[in-house]
Amino acid sequence: MLKSLFSRPKPAEKRKKIIIVSGLPRSGTSMMMKMLAEGGLPIVTDSQREADEDNPNGYFEVEVSKKLKDGEINWIYDAQGKTVKVISYLLEFLPSDLEYDIIFMDREIHEVLAAQKKMLARRNETSSISDEEMDAQFRSHLKAIKYWLPRQPNMRVHYVKYNDAVNSPEQVVPALVEFLGQSLDSAAMLSVPSQSLYRNRA
């Protein structure tokens, strides 16, 4: 069905770079999406996942992104010139004939695990994997993806530490604007990070 809704551009069409916000789940990707949206960038979201106690400002997700690993890639061609959220585990499945500026959110693993456990608890769900196993998996994945990313000729990467974005947004925002090379509303971006939402500290 997706193939009938989305089509790849013809080779002659000029392709635009896509901004990708990525990182581990619960690493601040939603906050960054909100910052970029407030800054004036067009974003891609289907609004299927509504804001809740875990993410009061919203998730800014597009459900079909989870199907990248299954070969559902046609939709990403319609995201050219826009901003999309893709978790780090799916970056390798992005089409290689497009160019990407990737904003990668880095957060202390213990904080990520704590945030995930609280989210699962609110949903009355449990994980079958221990914290130690999940910690090891996260660290192994981050090591691999950070080795892989700079070796991709169609990707530029800018790393943002979550605690820096919350504690020192006045330093993070100018670096973001410089990386993206676009005119953004910095004041609006600065208003997004909130200490009240930094609830799982290492």
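**Helix H6**

Start by selecting Pro169, Val172, Val173, Leu176, Val177, Phe179 and Leu180, the buried residues of H6 in this predicted model. Look down the axis of H6: these buried residues fall within an arc of 160 degrees, so they line one face of the helix. An α-helix has 3.6 residues a turn, so residues three or four places apart point the same way. Turn to the other side of H6 and pick Gln171 and Glu178, which are exposed.

Now display what lies over the buried residues. The cover includes strands E1 (18-23) and E4 (155-161), E3, and helices H2 (29-39), H5 (162-167) and H7 (186-190).

For a check on geometry, put a distance between the end C-alpha atoms of H6 (residues 169-180). They are 16 Å apart, which agrees with the 16 Å that twelve residues should span at 1.5 Å a residue. Step past the end of the helix to Gly181, where phi is positive, near 65 degrees.

**The whole chain, coloured by pLDDT**

Zoom out. The protein chain has seven helices and four strands, and from the N terminus on their order is α-β-α-β-β-α-α-β-α-α-α. Of its 202 residues, 46% are buried. Among contacts with a separation of 6 or more, 73% are between residues 24 or more positions apart. The chain exposes about 10,800 Å², and carbon and sulfur atoms supply 49% of that area.

Colour by pLDDT next. The mean for the chain is 85, with 79% of residues at 70 or more. Of the elements, strand E3 (residues 100-106) has the highest mean pLDDT, 98, and helix H1 (residues 2-5) the lowest, 40. Residues 1-7 have pLDDT below 50, and this stretch has eight contacts in the model beyond near neighbours in sequence.

**Helix H2 and the loop before it**

Select H2, one of the elements covering H6. How many of the eleven residues of H2 are buried? Eight are, and the helix is mostly covered. The buried positions are Thr29, Ser30, Met31, Met32, Met33, Met35, Leu36 and Gly39. Just after the helix, Gly40 has a positive phi of about 115 degrees.

Go back along the chain to Arg26, in the loop between E1 and H2. Most residues other than glycine have a negative phi, and most peptide bonds are trans. Arg26 is not a glycine, yet its phi is positive, about 70 degrees. Is Arg26 buried or exposed? Its relative accessible area is 17%, under the 20% cut-off, so Arg26 counts as buried.

**The nonpolar cores**

Select Ile20, Ile76, Val84, Leu91, Leu94, Tyr100 and Ile102. These residues have the most contacts inside the largest nonpolar core, which has 30 residues. E1, E3, helix H3 (109-122) and H4 each supply at least two residues of this core, and the largest share, four residues, comes from H4. A second, separate core of 24 residues includes Ile103, Val172, Val173 and Val192. Val172 and Val173 were selected earlier, among the buried residues of H6.

Return to Tyr100 and show what it touches. Not counting residues up to four places away in sequence, Tyr100 is in contact with Lys17, Ile18, Ile20, Leu94, Pro95, Asn154, Met155 and Arg156.

**Glu99**

Move one selection to Glu99, in the loop between strand E2 (83-85) and E3. Which residues does Glu99 contact, leaving aside neighbours within four places in sequence? They are Lys16, Lys17, Ile18 and Asn154. Lys17, Ile18 and Asn154 also appear among the contacts of Tyr100. Draw a C-alpha to C-alpha distance from Glu99 to Lys16: the two are 7.4 Å apart in space and 83 residues apart in sequence. Glu99 has a relative accessible area of 46%; it is partly exposed because that value lies between 20% and 50%.

**Asp135**

Finish in helix H4 (residues 131-148), at Asp135. H4 is the helix that gives four residues to the largest core. Asp135 is buried, with a relative accessible area of 12%. Beyond its neighbours within four places in sequence, the residues in contact with Asp135 are Ile109, His110 and Leu113.

Key
Residues numbered from 1 in each chain as written. Predicted model: local features only at pLDDT ≥ 70, side-chain atom pairs only at ≥ 80, totals over all residues. Heavy atoms only, no water. Buried < 20%, exposed > 50% of the residue type's maximum accessible area, 1.4 Å probe, protein only. Contact = heavy atoms within 4.5 Å. pLDDT = per-residue confidence, 0-100. Expected span 1.5 Å × (residues − 1). Arc of directions from axis to C-beta. Areas by Shrake-Rupley, 256 points an atom, 1.4 Å probe, with all protein chains shown as cover. Core = buried A, V, L, I, M, F, W, Y, C linked by side-chain atoms within 4.5 Å.
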